[in-house]
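Here are some friendly notes to read with the model open beside you. Take the points in order, and look up each residue as you go.

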Amino acid sequence: ARSASTNSADFINYNHRGLVVLVNISAVAGDDTFTFTVEGKDPISGTYYQLLQSAALATTGLRVYEVHPQAGAAGGGVTAVANRLVPRTWRVTATYALVGGVADTLTFSVATVLLL
């Protein structure tokens, strides 16, 4: 259960073009939300840039996000897509938003699958 923003460690993409990110929210306590973002990392400056961002999430369930240069439209179980290559270094962030003044929690997991 989390009630604060968090970042994954940097992941290294050796030879893949895309990825699938699975966000599974299993419990919600209150009205607070999380927004999940897949970010690439500029190899020179170390600055992160957005590849794909979810809507603000506050309900249980599995969401599927795809980043791939040949990604089709969202649908068929895929929540959102971004037609982009995944860079060498990337990460997933979860950004917490307080709603109503009392810190609540969401319990979630994030899994990724690299695609050729």
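1. Which residue's side chain meets that of aspartate 10 in a salt bridge? The partner is lysine 41, with 2.9 Å from N to O. Please keep in mind that this is a predicted model. The idea behind such contacts is a simple one: side chains of opposite charge can pair when their charged atoms come close.

2. Now see where the two partners sit. Aspartate 10 belongs to the loop between strand S1 (6–7) and strand S2 (11–12), whereas lysine 41 belongs to strand S4. They are 31 residues apart, and the pair links distant parts of the chain. Aspartate 10 has a relative accessible area of 31%, so it counts as partly exposed. Lysine 41 is partly exposed too, because its relative accessible area is 25% and the partly exposed class runs between 20% and 50%.

3. How many salt bridges does the count come to? The count is two, and the other pair to look up is glutamate 39 with arginine 91, whose closest N and O atoms are 2.7 Å apart. Glutamate 39 lies in strand S4 and arginine 91 in strand S8 (residues 89–97), so this salt bridge ties together parts of the chain that are 52 residues apart in sequence. Are these two residues buried or exposed? Both glutamate 39 and arginine 91 are buried.

4. Stay with arginine 91 for a moment, as there is another contact to find. Its charged end sits over the ring of tyrosine 48, at 3.4 Å from the ring centre. Arginine 91 therefore appears in two of these notes: in a salt bridge with glutamate 39, and over the ring of tyrosine 48, with strand S8 as its place in the chain.

5. Next, turn to the aromatic rings. A search of the whole structure gives five aromatic pairs. Which residues do ring pairs link into a cluster? The members are Phe34, Phe36, Tyr96 and Phe108. Try showing these four side chains together on your screen.

6. Phe36 also helps to line the largest cavity, together with Val21, Thr37, Val38, Leu52, Ser54, Tyr65 and Val92. The whole structure has one cavity of 30 Å³ or more, and the space in the largest cavity is about 30 Å³. Which element gives the most to its lining? That is strand S4 (residues 33–41), with three residues. Sorted by class, the lining holds six nonpolar residues and two polar ones, and no charged residues.

7. The largest pocket has a volume of about 190 Å³. Its lining is made of 13 residues, and those closest to the centre are Asn7, Ser8, Val92, Phe108 and Val110. Elements giving two or more residues to this lining are S1, S8 and strand S9 (105–115). S9 gives the most, with four residues. By class, the pocket lining has seven nonpolar, five polar and one charged residues. Two names here may look familiar: Val92 also lines the largest cavity, and Phe108 is part of the ring cluster.

8. Two threonines are good practice for reading accessibility. Threonine 35 is found in strand S4, and it counts as buried because its relative accessible area is 17%, with under 20% as the cut-off for that class. Threonine 93 has its place in strand S8 and is also buried, at 5% relative accessibility. For a sense of distance, the C-alpha atoms of threonine 93 and glycine 30 are separated by 21 Å, with their positions 63 residues apart along the chain. For threonine 35 and glycine 61, 26 residues apart along the chain, the C-alpha separation is 14 Å.

9. Finally, compare two residues that are not buried. Tyrosine 49, in strand S5 (residues 48–53), is partly exposed at 33% relative accessibility. Leucine 116 sits in the segment after S9 and is exposed, with a relative accessible area of 73%. How far apart in space are leucine 116 and histidine 68? They are 8.9 Å apart, C-alpha to C-alpha, although 48 residues separate them in sequence.

How values were computed: Residues are numbered from 1 along each chain as its sequence is written. This is a predicted model: local features need pLDDT of at least 70, side-chain atom pairs count only at pLDDT 80 or more; totals for chains, interfaces and linings use all residues. Side-chain values use heavy atoms; hydrogens and water are left out. Rings of Phe, Tyr and Trp (its six-membered ring) pair if their centres lie within 6.5 Å; planes under 30 degrees apart count as stacked, over 60 as edge-to-face and the rest as tilted. A charge sits over a ring if NZ of Lys or CZ of Arg is within 6 Å of the ring centre and within 35 degrees of the ring normal. On a 1 Å grid over the protein atoms alone, a cavity is a set of points where a 1.4 Å probe fits but cannot get out, and a pocket is an open set with protein on both sides within 12 Å along at least five of seven lines; lining residues have an atom within 4 Å of a point. Grid points are joined across faces, edges and corners, and a volume is the space filled by probe spheres set on the points. Ala, Val, Leu, Ile, Met, Phe, Trp, Tyr, Cys and Pro count as nonpolar, Asp, Glu, Lys and Arg as charged, and the others, Gly among them, as polar. A salt bridge is a side-chain nitrogen of Lys or Arg within 4 Å of a carboxyl oxygen of Asp or Glu. Buried means under 20% relative accessible area, exposed over 50%, partly exposed in between (1.4 Å probe, protein chains only).
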